[in-house]
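Hi,

Here's the structure I said I'd pass on. Have a look at it first, and then read my notes below.

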Amino acid sequence: YGEQKCIVKVSVKRASFGELSFPKNNTFTYDGKAHTVEVDGEIPANAVVSYLGGNSFVNAGTYDVIAVVSCEGYVTQRLSTTVKIEQAKYDMSGVRFEGKEVVYDGSSHSVAISGKLPDGVSSPTYTINGKVGSSATNAGEYTVKATFANRDPNYEAIPEMETTLKITPAEYTVKGVDIVFKSESGNVISSATKIY
């Protein structure tokens, strides 16, 4: 009997990873710190997880994250998610913009914000009845607005503040004047009534 050669073809099927996923909630609020998302699930110890474009973000915005999970003997798996970092709000609770009511006295009167502005927020610009400024002299009711310029894209714009400056007319006081009534002929009379 002669020697026979036998060729056997063996097919090795790669295994699939178990359940892999990103966290369900990937929405954060800007706080100056890095926010990171990672694939979770049954990942073998020698597997490599690569994040295309990164998976850690600080600034407000929307980011697409793609993860590639690879391991010898396993089918490579790709997963994707979206990370959203929302703008923060400035704490304006310590800032007041109160109206004022004064009597006309010939001098200029104004209103301004009071309190401590949050770090990174500069003093506002003011308009009074649509014109630049925050003061008035003459009697009247004025609408004063304070507008804050926000240059940090990680924070929401600060809403405009509005108040009223009211200058009421002054009353004239006449002192030390004698009023004398005269008739049409020029004679002084002690009392008189005239209908206008």
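Before the strand talk, one definition: I say that two strands pair if DSSP finds at least two bridges between them. With that in mind, Ile 128 stands opposite Val 144 in E16. Do keep in mind throughout that this is a predicted model.

**Strands E13, E16 and E17**

E16 has two pairings to look at. With E13 it runs antiparallel over 4 bridges, and with E17 the sense is again antiparallel, over 7 bridges. In the E16/E17 pairing, you'll find Ala 146 opposite Met 161 of E17.

A salt bridge joins these two strands as well: the side chains of Lys 145 and Glu 162 come together at 3.9 Å, N to O. Lys 145 sits in E16 and Glu 162 in E17, so the pair links distant parts of the chain, 17 residues apart. How open are the two partners? Lys 145 counts as partly exposed because its relative accessibility is 28%, while Glu 162, at 52%, is exposed.

**The cores**

Now for the inside. The largest nonpolar core is made of 20 residues. Met 92, Phe 97, Ile 113, Phe 148 and Leu 165 are the ones with the most contacts inside it. Strands E13 (125-128), E16 (140-147) and E17 (161-168) each give two or more residues to this core, so the strands above are worth viewing together with it.

If you want one residue to centre the view on, try Ile 113. Leaving out neighbours within four places in sequence, its contacts are Val 95, Arg 96, Phe 97, Pro 124, Tyr 126, Ala 146 and Phe 148. There is also a second, separate core, this one of 16 residues, with Phe 17, Val 37, Phe 57 and Ala 88 among them.

**The other salt bridge**

The structure holds 2 salt bridges. Besides the one between Lys 145 and Glu 162, Lys 116 forms one with Asp 119, where the closest N and O atoms are 3.8 Å apart. Are these partners buried or exposed? Lys 116 is exposed, at 62% relative accessibility, and Asp 119 is exposed too, with a relative accessible area of 70%.

**Two more residues to click on**

His 35 belongs to strand E3 (residues 35-36). Its relative accessibility is 13%, and it counts as buried because the cut-off is under 20%. What does the His 35 side chain meet? A polar contact of 3.1 Å joins it to the side chain of Asp 31. Apart from neighbours within four places in sequence, His 35 is in contact with Phe 28, Thr 29, Asn 55, Ser 56, Phe 57 and Ile 85. Phe 57, you'll remember, is one of the residues of the second core.

Lys 84 lies in strand E8 (residues 77-86) and, at 38% relative accessibility, is partly exposed. Not counting residues up to four places away, Lys 84 touches Asn 26, Thr 27, Phe 28, Gly 61 and Thr 62. Phe 28 is thus on the contact lists of both Lys 84 and His 35. One distance to check: the C-alpha atoms of Lys 84 and Ala 60 are 7.4 Å from each other, with the two residues 24 apart along the chain.

Cheers

Note on methods. Residues numbered from 1 in each chain as written. Predicted model: local features only at pLDDT ≥ 70, side-chain atom pairs only at ≥ 80, totals over all residues. Heavy atoms only, no water. Core = buried A, V, L, I, M, F, W, Y, C linked by side-chain atoms within 4.5 Å. Buried < 20%, exposed > 50% of the residue type's maximum accessible area, 1.4 Å probe, protein only. Contact = heavy atoms within 4.5 Å. Polar contact = N/O pair within 3.5 Å; in protein donor to acceptor, adjacent residues only side chain to side chain. Salt bridge = Lys/Arg side-chain N within 4 Å of Asp/Glu carboxyl O.
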